[in-house]
Number of protein chains: 4
Amino acid sequence: MSQTTQGSFYSDNTATVCPEVLAAISDANHGHSAAYGDDAWTRRLNDAFSKFFGTEVRAFAVVSGTAANALSLATLTPPYGAIFTHEEAHIVRDECGAPEFFSGGAKLVALGGEHGKLTVEGLTRGLDANPPSVHTVQPAALHLAQSTELGTTYRPHEIAALADFAHGRGLKVHMDGARLANALVYLDCDPADVTWRAGIDVLSFGATKNGALAAEAVVFFQPELARDFELRRKRAGQLISKSRYISAQLLAYLESQVWLRNASRANRLAERVGRCASHFLLHTVEANEVFLRLGAERKQRLRDSGFEFCDWGAAGSDEARFVLSWDQPDHEVQALCDALVGLSS
Amino acid sequence: MSQTTQGSFYSDNTATVCPEVLAAISDANHGHSAAYGDDAWTRRLNDAFSKFFGTEVRAFAVVSGTAANALSLATLTPPYGAIFTHEEAHIVRDECGAPEFFSGGAKLVALGGEHGKLTVEGLTRGLDANPPSVHTVQPAALHLAQSTELGTTYRPHEIAALADFAHGRGLKVHMDGARLANALVYLDCDPADVTWRAGIDVLSFGATKNGALAAEAVVFFQPELARDFELRRKRAGQLISKSRYISAQLLAYLESQVWLRNASRANRLAERVGRCASHFLLHTVEANEVFLRLGAERKQRLRDSGFEFCDWGAAGSDEARFVLSWDQPDHEVQALCDALVGLSS
Amino acid sequence: MSQTTQGSFYSDNTATVCPEVLAAISDANHGHSAAYGDDAWTRRLNDAFSKFFGTEVRAFAVVSGTAANALSLATLTPPYGAIFTHEEAHIVRDECGAPEFFSGGAKLVALGGEHGKLTVEGLTRGLDANPPSVHTVQPAALHLAQSTELGTTYRPHEIAALADFAHGRGLKVHMDGARLANALVYLDCDPADVTWRAGIDVLSFGATKNGALAAEAVVFFQPELARDFELRRKRAGQLISKSRYISAQLLAYLESQVWLRNASRANRLAERVGRCASHFLLHTVEANEVFLRLGAERKQRLRDSGFEFCDWGAAGSDEARFVLSWDQPDHEVQALCDALVGLSS
Amino acid sequence: MSQTTQGSFYSDNTATVCPEVLAAISDANHGHSAAYGDDAWTRRLNDAFSKFFGTEVRAFAVVSGTAANALSLATLTPPYGAIFTHEEAHIVRDECGAPEFFSGGAKLVALGGEHGKLTVEGLTRGLDANPPSVHTVQPAALHLAQSTELGTTYRPHEIAALADFAHGRGLKVHMDGARLANALVYLDCDPADVTWRAGIDVLSFGATKNGALAAEAVVFFQPELARDFELRRKRAGQLISKSRYISAQLLAYLESQVWLRNASRANRLAERVGRCASHFLLHTVEANEVFLRLGAERKQRLRDSGFEFCDWGAAGSDEARFVLSWDQPDHEVQALCDALVGLSS
């Protein structure tokens with residue numbers, strides 16, 4: 001990071017670990033405890049997540065979002081399966097082919113859709129464009145992100161419509177919830193409303209970006225898929241030996257309402273940045289990310305002023321992404337807002 | 001096939017085996033002969049293909065085009081590689097994910113391009129849209145088909161431009177030559193001109209569609225890649241035990257000029273059909289396939305009259321494909337031409 | 001093969017194609033016919049195999065035994081599965097890791113057993129030595145060969161005992177029947193007795209070694225596994241486009257009793273060679289293979305006399321394998337017998 | 001863990017995180033920091049490990065030993081490769097097929113060897129028993145553990161002899177150093193002596209068992225293999241987003257001599273337990289593990305007295321493993337010694 005940083009908006013992965021999570025790790029650090037998931041913390045995961053979602057679930061800890069997504073998808077698709085997803089999805093652009101690796105070669109079918117969101121119409125077209133036969137990969141799963149890769153969120157009825165349609169065509173439905181907390185805060189809805197009640201079968205539940213150290217959960221709303229998952233997780237080196245320290249993060253994240261407080265603050269900051277840059281806004285701010293069409297020159301001016309953010313889209317694109325983290329200093333947000341207002345005038 | 005078939009234009013895979021190839025199989029059927037490629041016929045493959053291409057090559061027999069393509073690509077790309085190809089390519093649409101399977105999960109990046117042909121501009125955009133980092137699959141190979149999946153052919157300079165550009169970006173270049181003979185006949189050029197001289201590294205050389213029983217060759221213009229291939233072929237169950245009968249087909253196909261005679265006739269017939277349907281033509285006829293925009297009603301009328309052909313494109317598309325085989329009866333072609341002329345008026 | 005060959009006993013893969021099979025290929029060579037298994041010959045496979053086995057089966061053609069085995073096993077085991085088999089099995093020693101490739105990384109657990117045969121005791125030990133947990137691969141399949149890789153055969157009750165035990169432990173059972181015909185002839189039993197009636201779930205049915213050109217079938221006695229197989233076969237490049245020519249081989253092989261005649265002759269010749277070499281015999285001759293402990297010097301003398309056969313076992317082993325093919329010339333067998341008698345004295 | 005636990009000797013994975021490592025995590029928890037390995041901590045890994053090993057290396061953090069091993073091996077072997085290893089190895093028995101998964105189906109060839117150690121003789125036999133041809137998997141890597149799975153250690157000259165031989169046969173050499181610190185302490189040697197100076201190409205360097213939370217490193221002594229590794233790591237979901245917290249653990253582990261202090265204590269305790277149970281000792285105690293042949297009755301008595309340890313070997317085996325952790329309370333060790341002495345008399 002530059003000496004003269006005015007603000008680091010590159011990613012919420014650059015944020016720190018929140019105090020409650022760090023305390024939970026320390027608190028777990030007493031005495032011997034069974035390894036590989038037989039510890040007291042891990043044994044509480046199913047209950048904690050079942051309570052959070054208001055239904056009985058099975059929840060498994062992993063240490064990266066890529067692993068959560070790819071392992072989830074591998075339980076939902078045969079090697080010759082097709083996974084329908086948005087063309088901007090993290091699994092398409094940022095996981096170095098992890099879903100293909102974990103599934104044994106399934107194919108991602110990338111669909112368009114405004115503002116990072118799939119539609120039933122788009123999914124219908126995608127499925128109809130590839131009528132399955134023995135010569136083609138077989139439609140197996142629908143994958144969507146909540147919030148999306150472009151900082152927007154699906155409404156509960158939108159998810160339900162997609163999942164209904166997908167189920168009707170024989171697909172299972174996976175949600176990438178790397179930023180689920182941000183979506184829940186924005187929608188002000190019950191976790192159930194955008195997951196199992198809307199038809200999600202398996203969820204990657206993110207905690208790392210929103211205050212954990214390295215802890216994600218894979219949540220099965222259909223428990224019968226879970227045995228296969230457990231073996232795939234072990235085989236992938238994602239069953240952590242000192243599992244208590246991963247599970248303790250997740251418990252703290254859920255049970256002390258860290259998820260809510262952290263996401264609420266990040267969303268609020270993002271909304272504020274979005275308001276200051278309304279001229280440039282590419283997508284409504286519905287989580288903790290702000291996407292702006294700034295053009296090369298304005299981007300350079302911001303960078304020269306010490307702001308860090310990432311380019312978005314193809315090489316040479318006009319677009320920029322600003323991510324607001326749970327721990328973003330207020331003065332950085334103020335400075336960014338000031339700079340953005342300056343750019344508009 | 002229907003009792004009342006007026007003509008079968010579904011695919012050149014529905015054609016028979018030509019007499020020279022069948023005779024070669026019979027001729028090989030005397031006495032014991034070493035298995036798994038140590039036979040006298042297989043030992044002659046390298047020479048026969050080297051002579052055909054005018055340069056020293058290594059050639060390996062397999063029994064399907066899907067295996068030829070997928071095995072070739074697996075030698076050119078790591079599991080985390082990206083293979084750039086046309087969105088209409090056989091490897092994208094018709095191989096049930098074979099390239100992903102054989103490569104261990106590489107990703108096909110499907111590009112557009114008029115009339116089934118890739119362009120340097122399109123490839124540039126495709127590569128630039130996905131600037132590689134440790135988070136992304138790594139550009140590894142360019143794949144193109146000659147003739148293309150839409151019955152068009154690349155000119156030698158077009159291939160050279162694509163291959164040059166690809167090599168400059170660190171990609172290897174693979175050609176799907178399932179219908180290479182048809183392209184060579186159309187272009188009236190030397191086999192070298194559209195392959196190694198134009199920068200092709202590995203070629204799937206098809207014989208089955210053009211008169212063989214089940215025989216394709218994978219031709220390496222860069223012999224150092226061949227050892228890896230041999231092991232992958234065995235591991236894939238494509239090293240045929242009684243290999244003499246596969247190699248004998250390829251030798252007959254090459255050495256008795258069967259490839260030229262058969263492709264010449266099929267191309268001539270296709271050209272004729274194309275002329276009769278010029279109102280409906282989607283792509284120039286540059287091999288043995290004719291693509292027409294007929295619409296649902298005309299397609300039905302043709303089918304009602306007893307013609308077999310395949311729909312092309314998404315469900316409900318207006319398009320139809322007619323393939324002319326090496327053994328297509330003249331009366332079927334005449335009947336089709338009459339019917340198409342009838343549709344135009 | 002050497003000019004001065006007195007006899008070629010290297011493998012039944014070196015044999016020719018029998019006249020009935022070649023005639024069937026020629027007979028199929030008239031007119032266009034649907035490709036990829038929709039032809040009239042392939043549509044008859046299920047019936048022909050159901051009749052042969054006396055129960056309703058689903059049968060699929062492939063072109064190599066390696067593909068038949070590996071594809072079969074891939075339908076029976078998850079990627080984290082363990083396949084229990086004999087340490088001499090073809091899938092262990094001679095398929096370049098094909099089962100691992102097709103299954104996505106399953107593990108072969110190689111067990112001992114006299115004369116190439118597994119026992120319930122050995123299988124019990126093998127299973128008990130690896131008590132499954134989330135840390136281990138999961139027992140998924142039992143694989144046995146009939147006849148075995150050492151030319152012996154399982155009696156029906158032996159297969160039943162193994163399959164019963166395996167099923168009781170949750171394993172599926174696969175049989176490699178590359179030389180099933182030879183076993184059936186030796187046992188003089190109904191094909192059902194050593195397959196489905198004894199508990200076999202999936203069978204690799206060999207025809208190539210016993211007179212076909214390149215044709216094996218995978219036979220499912222549990223039809224519900226077949227859809228997965230079809231897609232894996234296509235994906236593996238084993239769905240042959242001009243499928244009629246493969247299916248026609250299998251139909252001729254079954255329906256004209258070629259299997260019986262050819263295997264009977266080969267077995268008879270093997271028995272004769274075994275009798276001439278009884279001093280050296282390693283295993284009872286129960287199919288068309290003879291395994292002898294000859295020692296280096298005797299092997300050299302035989303080779304110097306012009307006999308071809310393969311060494312067996314580790315480098316420098318004393319053992320030799322002689323395979324009698326369906327088309328083995330009588331004079332070669334006589335010469336070999338004479339030579340072996342000469343070695344004994 | 002039971003209320004009445006007298007001592008937990010199940011595994012060093014049940015131990016806590018040592019204070020220095022926890023402090024390092026806390027110390028890293030200030031301000032934003034680049035993610036995915038571009039942070040200041042991760043950028044110091046190469047130097048820290050280069051200093052530790054006295055040569056220039058490239059080092060990469062992962063979060064489990066299974067991932068470290070499987071990713072390492074995947075860079076050393078093609079999918080059709082064979083990895084030679086001891087039959088007791090963790091990669092054989094305890095990783096649910098991870099090496100097969102990550103490598104795309106390579107085969108583990110399990111060799112015997114007294115006290116968990118491979119010998120050049122055994123490796124020679126293993127290689128000679130499987131002379132490679134196109135029909136077999138290809139010898140690609142030698143894998144050995146230091147200390148071994150049975151708590152013994154290789155002397156530098158033993159490793160050098162194995163690595164020399166392996167290199168001579170074209171194999172790369174990988175070391176599983178999950179307990180490397182314990183071996184270094186026991187041998188009182190320089191880290192270089194049992195790694196690169198003895199011919200190791202790639203090392204899984206363990207820290208978790210010896211005091212870290214979840215941090216292992218893969219160390220490349222041949223840097224040219226590292227690019228492939230980086231992509232495989234990302235693709236496997238092992239590139240942790242908030243990477244600073246993993247790297248900080250490794251730095252603390254190396255730079256504050258935690259590795260040495262912790263392993264020294266654990267080894268000392270193990271030696272003490274071994275002395276108290278010399279009647280039952282299966283292997284010399286050369287690290288922090290003690291293997292005893294106790295028989296079922298004595299094991300039960302120990303368990304009834306509140307000691308936790310794991311059974312070793314096949315179901316019903318007489319053997320037991322006691323692992324001494326860096327944080328093992330003295331009173332537990334004393335109680336175990338007393339109990340073991342009691343069993344002997």
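What share of the contacts in chain A with a separation of 6 or more is accounted for by residues 24 or more positions apart? The share is 77%, a contact being heavy atoms within 4.5 Å.

This is a predicted model, in which local features need pLDDT of at least 70, side-chain atom pairs count only at pLDDT 80 or more, and totals for chains, interfaces and linings use all residues. Residues are numbered from 1 along each chain as its sequence is written, chains are lettered from A and ligands numbered from 1 in the order in which they are written, and side-chain values use heavy atoms, leaving out hydrogens and water.

Select chain A and display it as a cartoon. Chain A holds 14 helices and twelve strands; these are DSSP runs, H or I of at least four residues for helices and E of at least two for strands, numbered from the N terminus. Along the principal axes, its C-alpha atoms fill a box of roughly 60 × 55 × 30 Å.

Next, colour chain A by burial. Of its 345 residues, 66% are buried, that is, under 20% relative accessible area with a 1.4 Å probe, counting protein chains only.

Now add chain D. A rotation of 180° with 0.0 Å of shift along its axis superposes chain A on chain D, with an RMSD of 0.0 Å; the fit is by least squares on the C-alpha atoms of residues with pLDDT of at least 70 in both copies. This is the relation of a two-fold axis. Centre on Ala236(A), whose C-alpha is the nearest in chain A to the axis, at 3.6 Å. Both copies use the same surface, as 100% of the contact residues of chain A recur in chain D.

Definitions and conventions
Buried means under 20% relative accessible area, exposed over 50%, partly exposed in between (1.4 Å probe, protein chains only).
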